[in-house]
Amino acid sequence: MKKTTAFIGSAAALVLVPGLALSDPDEDSLTINGDIPIVTQTDAPAHTENLSEIYSGWRFRSDETQAFQMDDFDNPGMIGVENAAVDWETVDGSAGKSCANCHGAPEEMAGVRAVYPKWNEEMGKVTTLEMEVNNCRETRMGAKTWKYTGGDMTDMVALISSVSRGMPVNVEINGPAKETWEQGKELYYTRTGQLELSCANCHEDSYGMMIRADHLSQGQINGFPTYRLKNTKLNSVHARFKGCVRDTRAQTYKPGSPEFIALELYVASRGNGLSVEGPSVRN
């Protein structure tokens, strides 16, 4: 595969591309801890109209960054998983319960991360893992909810993700979730901000390009939460969305907003078939 297009549709976009160069995803393969094979390349799902293949963001990173994710002892994101494992067992709230009281060991959550966001029939809307965690805390534990992109929350999502590593992303977009998915698709392709860029301009039209020192990926979120070397912490999906929108110099949405929930559903569905790999490590 050779990428030949760049996002040059607007004069403003050119501000971002000094030294624009081509650098396709590498051919490396990822196995975690020597026994968890990760699918980092596969055929694009049928509903992803403009891509024939999809790639994990891991394939666009340097060998040094890739190596962090190959062993949990080297992966700094696993510190968050360990922190959440303590929270999982800790009784909190007026009901005198912990996560473990209802769900058992964290390993019992295997497969959950692979299907979120998803339609919640009881709530009558699409929910994210963060929403489900807070729902449990508030309604079952009688505990205070966590900040949507806070450290406790992101660590807990990392724990839930970690036990699903290697499982294929399989987000449902039909039925009652379809309307939310369509909203997310519209957001994905809408140009915003002073730079008049959409998600697709970078992550669909221009993936594989080098912009300064950054290597544009397809923006897949199968690896979230992601430990970014740039800010030395685990980052949630909505925190990254907020940063991307801000980089277009647009007014961003709030984490947990209906807009970002819809966008997460759409972007997650573009990665159907890739493996869950969070917590991942990226630049």
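This report describes one helix, the aromatic pairs, the nonpolar cores and several single residues of a predicted model.

**Helix α6**

Helix α6 covers residues 178-189, twelve residues in all, and its first and last C-alpha atoms lie 17 Å apart, close to the 16 Å expected at 1.5 Å a residue. Five of its residues, namely Thr180, Trp181, Gly184, Lys185 and Tyr188, are buried. Viewed down the axis of α6, these buried residues fall within an arc of 145°, so they line one face of the helix. Glu179 and Glu186, by contrast, are exposed on the other side of α6. The partners against which the buried residues of α6 pack are β7 (125-127), α7 (199-203) and α9 (258-270). Trp181 and Tyr188 also belong to one aromatic cluster, together with Tyr189 and Tyr266.

**Aromatic pairs**

The count of aromatic pairs in the model comes to nine. Tyr55 and Phe60 form one of them, an edge-to-face pair with 6.2 Å from centre to centre and 85° between the planes. Phe60 also pairs with Tyr207, where the ring centres are 6.2 Å apart and the planes stand at 85°, so this pair is edge-to-face. The pair of Phe60 and Tyr207 links distant parts of the chain, since Phe60 sits in the loop between β5 (53-55) and α1 (63-68) while Tyr207 sits in the loop between α7 and β8 (209-211), 147 residues apart. Both Phe60 and Tyr207 are buried, the relative accessible area of Phe60 being 2%. Tyr55 has a relative accessibility of 4% and therefore counts as buried.

**Nonpolar cores**

In soluble globular proteins, nonpolar side chains tend to be buried together. The largest nonpolar core of this model holds 25 residues, of which Tyr188, Ile221, Phe241, Leu263, Leu265 and Val267 touch the most other members. Two or more residues of this core come from each of the elements α6, α8 (237-247) and α9, and α9 gives the most, with seven residues. Around Phe241, once residues up to four places away in sequence are set aside, the residues touched are Phe260, Leu263, Glu264 and Val267. A second, separate core has 20 residues, among them Val133, Met156, Leu159 and Ile160.

**Gln220 and its surroundings**

Gln220 is placed in the loop between β9 (214-215) and β10 (226-228). Is this residue, Gln220, buried or exposed? Its relative accessibility is 8%, and because buried means under 20%, Gln220 counts as buried. The side chain of Gln220 makes a polar contact of 3.3 Å with the side chain of Gln218, and a polar atom of the Gln220 side chain also lies 3.3 Å from the backbone nitrogen of Gly271. Leaving aside neighbours within four places in sequence, the residues in contact with Gln220 are Ile54, Tyr55, Val267, Arg270, Gly271 and Leu274. Two of these names recur above: Val267 is among the core members that touch the most others, and Tyr55 is a partner of Phe60 in an aromatic pair.

**Three residues in other helices**

The table sets out the accessibility of Thr65, Ala100 and Asn83 beside the helix in which each is placed.

| Residue | Helix | Relative accessibility | Class |
|---|---|---|---|
| Thr65 | α1 | 5% | buried |
| Ala100 | α3 (residues 99-103) | 17% | buried |
| Asn83 | α2 (residues 78-89) | 40% | partly exposed |

Beyond its neighbours within four places in sequence, Thr65 is in contact with Leu229, Val281, Arg282 and Asn283. With neighbours set aside in this way, Ala100 is in contact with Trp88 and Glu89. For Ala100 the model also gives a separation of 38 Å between its C-alpha atom and that of Arg246, a residue 146 residues apart from Ala100 along the chain. The C-alpha atoms of Asn83 and Ser257 are separated by 26 Å, and these two residues are 174 residues apart along the chain.

Technical notes: Residues are numbered from 1 along each chain as its sequence is written. This is a predicted model: local features need pLDDT of at least 70, side-chain atom pairs count only at pLDDT 80 or more; totals for chains, interfaces and linings use all residues. Side-chain values use heavy atoms; hydrogens and water are left out. Helices (H or I, at least four residues) and strands (E, at least two) are DSSP runs, numbered from the N terminus. The expected span of a helix is 1.5 Å times one less than its number of residues. Buried means under 20% relative accessible area, exposed over 50%, partly exposed in between (1.4 Å probe, protein chains only). The arc is that of the directions from the helix axis to the C-beta atoms. Contact means heavy atoms within 4.5 Å. A polar contact is a pair of N or O atoms within 3.5 Å; within protein, one must be able to donate a hydrogen and the other to accept it, and residues adjacent in sequence count only if both atoms are side-chain atoms. Rings of Phe, Tyr and Trp (its six-membered ring) pair if their centres lie within 6.5 Å; planes under 30 degrees apart count as stacked, over 60 as edge-to-face and the rest as tilted. A nonpolar core is a set of buried Ala, Val, Leu, Ile, Met, Phe, Trp, Tyr and Cys residues joined through side-chain atoms within 4.5 Å.
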